[in-house]
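Q: Please give a close account of the contact between the two chains in this predicted model. Please then relate that contact to the make-up of the single chain.

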Protein chains: 2
Amino acid sequence: MHFFFKGGLPLLVAAMAFAPALSAQEAEAQVTPSGVVANAPATDWHRIDPADLMVMDLSPDARGKRRRVVIQLIPAPFSQGWVDNIRKLIASHWYDGIAVVRVQDNYVVQWGDPDGETDHPKPLPEGLEQVPQSQYVAASAPPFGPPLFAPDPQHNPLRPLEPLLLPDAYAPGTYFAQGWPLATDAKGVSWPVHCYGYVGVGRNYSPDTGTGAELYTVIGQAPRQLDRNIAVVGRIIAGMEYLSSLPRGTGEMGFYETPQERTKIASVRFGSQVPDLPAYEAMATDSDSFANYAYLRANRHDTFYNVPAGGVDVCNVPVPVRQVGLAVKRAGM
Amino acid sequence: MHFFFKGGLPLLVAAMAFAPALSAQEAEAQVTPSGVVANAPATDWHRIDPADLMVMDLSPDARGKRRRVVIQLIPAPFSQGWVDNIRKLIASHWYDGIAVVRVQDNYVVQWGDPDGETDHPKPLPEGLEQVPQSQYVAASAPPFGPPLFAPDPQHNPLRPLEPLLLPDAYAPGTYFAQGWPLATDAKGVSWPVHCYGYVGVGRNYSPDTGTGAELYTVIGQAPRQLDRNIAVVGRIIAGMEYLSSLPRGTGEMGFYETPQERTKIASVRFGSQVPDLPAYEAMATDSDSFANYAYLRANRHDTFYNVPAGGVDVCNVPVPVRQVGLAVKRAGM
């Protein structure tokens, strides 16, 4: 069979253990995005605090296999009113027993109280905050990271771009700070963006902004039109495939038409409450490794590629996450 | 439950049949992208020739339900060497009995000969062309369509952009022509882009460009770095959900590790050979309806939205396709 992309990094890394001298192919692998990830020094990774992880176990699959989804909550200054609500909902075990109610292809998987619109909704815990729309953005943009890269007028080679913004179809610029992809209007206002696997807060018509009891994740092309209109509260760092491969709903907007089609959420706990959870690390977005990784995402020049794109969009530079001491999670070749 | 987007067009259209006077909500629905699609006049749609459709029936699902995927082949001047090969492969029934061999989350579903890399590959039909890399692009860009829209420096309101290019992170510009999303270097060279649901030709290292016997489709964020490096030969216009919801492979790059995990392709025929296939129409990308639809994809101002994005990327403007006389396929709200 033909591989339409041959990175093959893990195999090459394994081979290197037996053959210290690099073959041409091995040397090339180091200049791929996955090669940069595999070779990043320990100092270019940050441990993710398990207290900031939301471990969502779906009901086991048809064969009884566990389906564990791990969500990293977004740090300040973004969306903290909803994050506080979500922490209360986790602490009270409110999410236990709710369900995936909607799967719309190339859009979102959404989960919440299946009885939320009936006359017997699941009672919410005390003390949830009504979060203002102003929290969709942060008035003070976090500091820009290291130089990223944009096409020059000839589109080849690339040059570092000041002030460190990736070109974007939706906003004056996008960048990475504190480990997260952000958009900015370059006037000091920034906001988190809706990329594949990112998690947001379902709501009704504004001024309602949602509580955090109903959440969704993106399973297709980044619906960036939702930025600044819905709260982004986290991202899935493991188990995304258990949500993205669910059957699509056949009802309006991908809602399931019968209760039987829903996938039940067995429990949601903080990472710090789950004894068998591995440690996770995210690549520091202000590290040299990340700058190299982003550069190579924009500018593939390994053997498979004939023409480097010369640019990349912020959602096509997924922040690498790995399990410590275990296999590196490939960040989308 | 909370709907994080309430377009609800089909329900509203149904309601209108009983209440000719529009409510405010009904009137608003007409200024959504789906409202424009629902109200587009017949002259703004083109019938897709069934001879240009590739009807791929997967083996039935666990409940015996048919899983039919319909692929529209790309027209000249793009990728025609591979399209000619694919026509020969369909005509000879070569695809019958091959399988989905790879599902990599947020990347691709790939299908081909499971024995392709063994010493007993399935023999290819006579007369397949070895297609040159030059066919990745078209030297003469098709004419630009109607005005599309880009953010002005204040980012609001939008203004038509000349020369009709959408801003893009990968190429100097993107646009639509002959019903397809294209990128261009604005020097007269253009190429089709890798969007969600678009179909490409698997290959090995260049100068190999693939025959068309191994194909893939995109199931995540548009991997635009593949543009001009692999041939885009079509797009899925129905049944995408049968591919996008397949279990992800656990092997290297998402390949399935055991034959049992593969999904068999029962048959592939031309649309003109399938008696029970509905008629399909695509919205003409040079129509007023499409310009309005693209504008509204960039600039949501219905009640749900507080802040219009002010821009949109080419892969977030999926070309609307409908079954004639049947329900309108929603083109991603």
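A: In this predicted model, about 7,300 Å² is buried between chain A and chain B, and carbon and sulfur atoms give 52% of that area. The size of an interface is often given as the accessible area lost when the parts come together. On the side of chain A that touches chain B, at least two residues each come from α1 (9–16), β4 (99–104), β5 (108–112) and α5 (240–244) of chain A. Sorted by class, this side of chain A has 37 nonpolar, 27 polar and 17 charged residues. The contact draws on 81 residues from chain A and 81 residues from chain B.

Although charged residues are present on that side of chain A, zero salt bridges are found across the interface of chain A and chain B. Polar contact does occur there: 26 residue pairs, both members at pLDDT 80 or more, are found across the interface of chain A and chain B.

The arrangement of the copies can be described by a superposition. A turn of 180 degrees, with a shift of 0.0 Å along the axis, lays chain A on chain B with an RMSD of 0.0 Å. The two copies are therefore related as by a two-fold rotation axis. The same surface serves both copies, in that 100% of the contact residues of chain A recur in chain B.

Turning to the single chain, the secondary structure of chain A consists of six helices and 16 strands. Of the 333 residues in chain A, 59% are buried. Among the contacts in chain A with a separation of 6 or more, 69% join residues 24 or more positions apart. Helix α6 (residues 288–298) of chain A is mostly covered, with eight of its eleven residues buried. The buried residues in α6(A) include A:Phe290, A:Tyr293 and A:Leu296, and also A:Arg297.

Salt bridges are found elsewhere: a search of the whole structure gives 20 over all chains. In one of them, the side chains of A:Arg68 and A:Asp276 meet at 3.1 Å, N to O. A:Arg68 lies in strand β3 (residues 67–73) of chain A and A:Asp276 in the loop between β14 (263–270) and β15 (280–283) of chain A, so this pair ties together parts that are 208 residues apart in sequence. The two partners differ in exposure: A:Arg68 is buried, with a relative accessible area of 15%, whereas A:Asp276 is partly exposed, with a relative accessible area of 46%. The pair also belongs to a network of salt bridges that links A:Asp57, A:Arg66, A:Arg68 and A:Asp276.

Another salt bridge joins the side chains of A:Glu281 and A:Arg322, at 2.9 Å, N to O. This pair links distant parts of the chain, with A:Glu281 in strand β15 of chain A and A:Arg322 in strand β16 (residues 321–323) of chain A, 41 residues apart. Both A:Glu281 and A:Arg322 are buried.

In chain B, B:Arg68 forms a salt bridge with B:Asp276, and their closest N and O atoms are 3.1 Å apart. B:Arg68 lies in strand β3 (residues 67–73) of chain B and B:Asp276 in the loop between β14 (263–270) and β15 (280–283) of chain B, so the pair ties together parts 208 residues apart in sequence. B:Arg68 is buried, at a relative accessible area of 15%, while B:Asp276 is partly exposed, at 46%.

How values were computed. Residues are numbered from 1 along each chain as its sequence is written. Chains are lettered from A and ligands numbered from 1 in the order in which they are written. This is a predicted model: local features need pLDDT of at least 70, side-chain atom pairs count only at pLDDT 80 or more; totals for chains, interfaces and linings use all residues. Side-chain values use heavy atoms; hydrogens and water are left out. Contact means heavy atoms within 4.5 Å. Buried area is the accessible area (1.4 Å probe) that two parts lose on being put together, summed over both. A salt bridge is a side-chain nitrogen of Lys or Arg within 4 Å of a carboxyl oxygen of Asp or Glu. A polar contact is a pair of N or O atoms within 3.5 Å; within protein, one must be able to donate a hydrogen and the other to accept it, and residues adjacent in sequence count only if both atoms are side-chain atoms. Helices (H or I, at least four residues) and strands (E, at least two) are DSSP runs, numbered from the N terminus. Ala, Val, Leu, Ile, Met, Phe, Trp, Tyr, Cys and Pro count as nonpolar, Asp, Glu, Lys and Arg as charged, and the others, Gly among them, as polar. Copies are superposed by least squares on the C-alpha atoms of residues with pLDDT of at least 70 in both. Buried means under 20% relative accessible area, exposed over 50%, partly exposed in between (1.4 Å probe, protein chains only).
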